[in-house]
Amino acid sequence: MALPGERTTMVLQNVIWAITLAGMGLVALGFIYAITQAGKPADTAEAERAHRTSMTLRRALFVALLLLGIGIAWASLRPFPIPLQHGPLQAAQVVEVVGHQWTWDVSQTHLRAGEPVEFRVTASDVNHGFAIYAPDGRIVIQTQAMPGFTNKILYTFHTPGTYKIMCLEYCGVAHNGMTAEFDVAAREDKS
């Protein structure tokens, strides 16, 4: 079952996909038009008029694409998905994670659903790809585990269950066995 935020994201992705397809269709029509006009002779006045029209269209298209790019960047980065890295994230639960060839050291393996969890992820040897998989097998969040640097990610688990940590970056011969698990329990009713 998709959460409200996931449904919004899926709708947004479908809208962007439709816009992309429409843009590709317009470009294809432009090529088809250019191909059909390629063999026709043109007089000097017609060629000059076509050149002016072409330059006007290019400028307009450039401005439109520039504004569209700025708009998409603003809309997608406004709710910036990466938390600040220089201080504590004020999460109710903090989990320290260290990646080693070929294990994960996880400071807590029992978490509560509905409360933010700060994962502080680092590595002791080589880069590892830290990914958390939900009980249904989909990735819920991921970051890099790098030696000498701690990446912080913030996530609130809404679904109780057993979550799996896997390495997403090839880190040596036993990479495929580099997994760990933790449990997310439903928040207790305090009424």
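Start by selecting β4: this strand is mostly covered, with 6 of its 8 residues buried. You are looking at a predicted model, so keep that in mind as you click around. In the numbering used here, β4 spans residues 116-123.

**The sheet around β4**

Now widen the selection to the sheet that β4 belongs to. Four strands make an open sheet, ordered β2-β1-β4-β7, and their pairing is mixed. Colour β2 (103-106) and β7 (151-156) next: these two stand at the edges with a single partner strand each, so one side of each has no neighbour in the sheet. On average, neighbouring strands here are turned by 25° against each other, if you ignore direction.

Step from β4 to one flank, strand β1 (residues 93-100). β1 and β4 run parallel and are joined by 7 bridges. To see one of those pairings, pick Val95, whose bridge partner in β4 is Phe119.

Keep Phe119 selected and look to the other flank. Which residue of β7 is the bridge partner of Phe119? It's Ile153. So click through Val95, then Phe119, then Ile153: Val95 is partnered with Phe119, and Phe119 in turn with Ile153. Between β4 and β7 the pairing is antiparallel, over 6 bridges. For another pair between these strands, show Pro116 together with its bridge partner in β7, Thr156.

**Charges on and beside β4**

Stay on this sheet and switch on side chains for Glu118 and Arg120. They form a salt bridge, with their closest N and O atoms 2.6 Å apart. Is Glu118 buried or exposed? Its relative accessible area is 1%, so Glu118 is buried. Arg120, at 21%, counts as partly exposed, because the buried class stops under 20%. Add Glu96 to the selection and you have a network of salt bridges linking Glu96, Glu118 and Arg120.

**The turn between β1 and β2**

Go back to β1 and follow the chain towards β2. In the loop between these strands sits Trp102. Check the backbone just before that residue: the peptide bond joining Gln101 and Trp102 is cis, with omega at about 15°.

**The other sheet**

Next, hide the first sheet and bring up the other one. This is an open sheet of 5 strands, in the order β3-β9-β8-β5-β6, again with mixed pairing. Its edge strands are β3 (110-112) and β6 (139-145), and each pairs on one side only. Neighbouring strands of this sheet are turned by 25° against each other on average, direction ignored.

Zoom in on the β3 edge. β3 pairs with strand β9 (residues 179-185) in the parallel sense, over 3 bridges. Select Arg112 and you'll find that it stands opposite Ala185 in β9.

Arg112 has a salt-bridge partner as well: Glu115, with the closest N and O atoms 2.7 Å apart. Compare how covered the two ends of this salt bridge are. Glu115 counts as buried, at 15% relative accessibility, while Arg112 comes out at 36% and counts as partly exposed.

**A histidine in a loop**

From β9, step back along the chain to His175, which lies in the loop between β8 (161-167) and β9. At 18% relative accessibility, His175 counts as buried. What does the side chain of His175 reach? Draw a distance to the backbone oxygen of Glu169 and you should read 3.2 Å.

**One more salt bridge**

Salt bridges number 5 over the whole structure. One of them is worth a click on its own: Arg138 with Asp136, whose closest N and O atoms are 3.3 Å apart. At 58% relative accessibility, Asp136 counts as exposed. Arg138 is partly exposed, with 35%.

**Last stop: helix α2**

Finally, leave the strands and select helix α2 (residues 44-77), where Leu67 lies. With a relative accessible area of 56%, Leu67 is exposed. Now show Phe62, Val63, Leu66 and Ile70 as a surface along with Leu67: together these five make a nonpolar surface patch of about 510 Å².

Methods:
Residues numbered from 1 in each chain as written. Predicted model: local features only at pLDDT ≥ 70, side-chain atom pairs only at ≥ 80, totals over all residues. Heavy atoms only, no water. Patch = residues over 30% accessible without salt bridge, like charges linked within 9 Å, V, L, I, M, F, W, Y side chains within 5 Å. Areas by Shrake-Rupley, 256 points an atom, 1.4 Å probe, with all protein chains shown as cover. Salt bridge = Lys/Arg side-chain N within 4 Å of Asp/Glu carboxyl O. Buried < 20%, exposed > 50% of the residue type's maximum accessible area, 1.4 Å probe, protein only. Pairing = 2+ DSSP bridges. Axes fitted to C-alpha atoms, helices over the stretch in contact; angles between N-to-C directions. Polar contact = N/O pair within 3.5 Å; in protein donor to acceptor, adjacent residues only side chain to side chain.
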